[in-house]
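Trainee: Got a few minutes to go through this one with me? I'd like to start with the aromatic residues.

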Amino acid sequence: MEPVAVLGGTFDPVHYGHLRFADDARRALGLSEVRLVPARDPPHREGPAASAADRLAMLRLGAAEFPGLAIDERELARPGKSYTVLTLEELRGEDPARPLLLLVGADAFRGLPTWHRWREIFALAHVVVVARPGVALAADLPEPLAAEWHARRTGDPAALLSAPAGAIYEARVSPQPISATVIRAQLARGPAGRAAVDGLLPRDVLTYIDRHRLYSPPTDAT
């Protein structure tokens with residue numbers, strides 16, 4: 001039984017850092033699909049600059065370049081904060097026996113103890129940490145997370161198939177140093193910034209941003 005693998009985010013806007021991260025992890029784990037889960041109301045940052053409808057439209061355009069990526073819209077439909085543990089509970093309820101993989105970057109993993117009901121995540125899913133090559137992931141983990149790391153870490157990807165949840169696995173993929181924050185800031189600069197983001201996100205996504213005047217300079221509204 002193939003696991004269900006999910007990658008959450010605001011995708012504001014979606015860019016190649018998100019898409020290649022998900023696709024590289026999919027290939028590294030030998031999966032046919034990774035689900036991208038856009039957040040409606042992210043709990044760890046200010047609200048997205050683009051609307052949920054625009055972010056979903058851009059995500060659909062971006063994911064179309066990667067046949068192994070699908071979109072799960074459940075967090076956009078659910079009111080309240082988009083807590084990951086609630087999404088995992090829903091997925092676990094749909095199939096109690098199927099392995100469930102939560103993909104997170106190394107930085108997000110380090111912040112796991114700040115997440116809502118974070119310890120319960122391990123009862124619902126395996127956590128696959130996508131680390132940067134050459135970075136010692138275990139170094140300087142906060143104490144509660146370090147204990148989970150040492151108790152749950154496995155180097156055997158087969159462990160992700162032998163149980164529905166509970167392991168921490170470190171996957172190594174190519175680094176993708178692209179930031180949505182930087183992209184938004186560049187787009188807010190106008191034409192000069194627009195040129196700087198070329199190639200950082202799919203052409204169809206950039207066309208959508210231009211057409212709908214997303215992340216435009218503040219002076220455009222005057």
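Trainee: How many aromatic pairs are there?

Mentor: The count comes to 3 aromatic pairs. Keep in mind that this is a predicted model. One of the pairs is Tyr16 with Phe66, whose ring centres are 6.4 Å apart.

Trainee: Is that one stacked or edge-to-face?

Mentor: Edge-to-face, because the planes of Tyr16 and Phe66 meet at 65 degrees and anything over 60 falls in that class.

Trainee: Where do the two partners sit in the chain?

Mentor: Tyr16 belongs to helix H1, while Phe66 is in the loop between H2 and E3. They are 50 residues apart, so the pair links distant parts of the chain.

Trainee: And are they buried or exposed?

Mentor: Tyr16 is buried, at 12% relative accessibility. Phe66 is buried as well, with a relative accessible area of 12%.

Trainee: What lies over the face of Tyr16?

Mentor: That is Arg20, at 4.0 Å from the ring centre.

Trainee: Let's switch to the sheet. What's the strand order?

Mentor: The order is E3-E2-E1-E4-E5-E7-E6, an open sheet of 7 strands with parallel pairing. E3 and E6 (153–154) stand at the edges, and each has a single partner strand, so one side of each is left without a neighbour in the sheet.

Trainee: How is E6 held to its partner, then?

Mentor: By 2 bridges to strand E7 (residues 168–172), and the two strands run parallel. Thr154 stands opposite Tyr169 in E7.

Trainee: And on the other side of the sheet, what does E2 pair with?

Mentor: Strand E2 (residues 34–38) is joined to strand E1 (residues 4–9) by 4 bridges, in parallel. Gly8 has Val37 in E2 as its bridge partner. E2 also pairs with strand E3 (residues 69–71), again in the parallel sense, over 3 bridges. There, the bridge partner of Arg35 is Ala70 in E3.

Trainee: What handedness do the crossovers around E2 have?

Mentor: From E1 the chain passes through helix H1 (residues 16–29) to E2, and that β-α-β crossover is right-handed. E2, helix H2 (residues 52–63) and E3 also make a right-handed β-α-β unit.

Trainee: Is E2 mostly covered or open?

Mentor: Mostly covered: 4 of its 5 residues are buried.

Trainee: Which residues touch the most other members in the largest nonpolar core?

Mentor: Leu36, Met58 and Ile209 do, in a core of 39 residues. H1 gives the most to this core, with 6 residues. As background, nonpolar side chains tend to be buried together in soluble globular proteins.

Trainee: What is Met58 in contact with, beyond its sequence neighbours?

Mentor: Leaving aside neighbours within four places in sequence, the contacts of Met58 include Pro13, Val14, Ala50, Val205, Tyr208 and Ile209. There is also a second, separate core of 27 residues, which includes Leu112, Leu141, Ala146 and Ile168.

Trainee: Pro13 came up there. What is the peptide bond before Pro13 like?

Mentor: The bond from Asp12 to Pro13 is cis, with omega near 0 degrees. Pro13 is in the loop between E1 and H1. Thr10 also has its place in the loop between E1 and H1, and Thr10 is buried at 13% relative accessibility.

Trainee: What does Thr10 contact outside its own stretch?

Mentor: Apart from neighbours within four places in sequence, Thr10 is in contact with Ala39, Pro42, Arg45, Pro48 and Arg55.

Trainee: Last topic, backbone angles. Which residues other than glycine have a positive phi?

Mentor: Among them are Arg117, with phi near 50 degrees, and Arg213, at about 55 degrees. Most residues other than glycine have a negative phi. Arg117 is in the loop between helix H5 (106–110) and helix H6 (121–124), whereas Arg213 lies in the segment after H11.

Trainee: How exposed are they?

Mentor: Arg117 is partly exposed, at 28% relative accessibility. Arg213 counts as exposed, because its 52% is over the 50% cut-off.

Technical notes:
Residues numbered from 1 in each chain as written. Predicted model: local features only at pLDDT ≥ 70, side-chain atom pairs only at ≥ 80, totals over all residues. Heavy atoms only, no water. Buried < 20%, exposed > 50% of the residue type's maximum accessible area, 1.4 Å probe, protein only. Pairing = 2+ DSSP bridges. Right-handed = clockwise from strand over helix to strand, strands pointing away. Core = buried A, V, L, I, M, F, W, Y, C linked by side-chain atoms within 4.5 Å. Contact = heavy atoms within 4.5 Å. Phe/Tyr/Trp six-rings, centres within 6.5 Å; stacked < 30°, edge-to-face > 60°. Lys NZ or Arg CZ within 6 Å of the ring centre and 35° of its normal.
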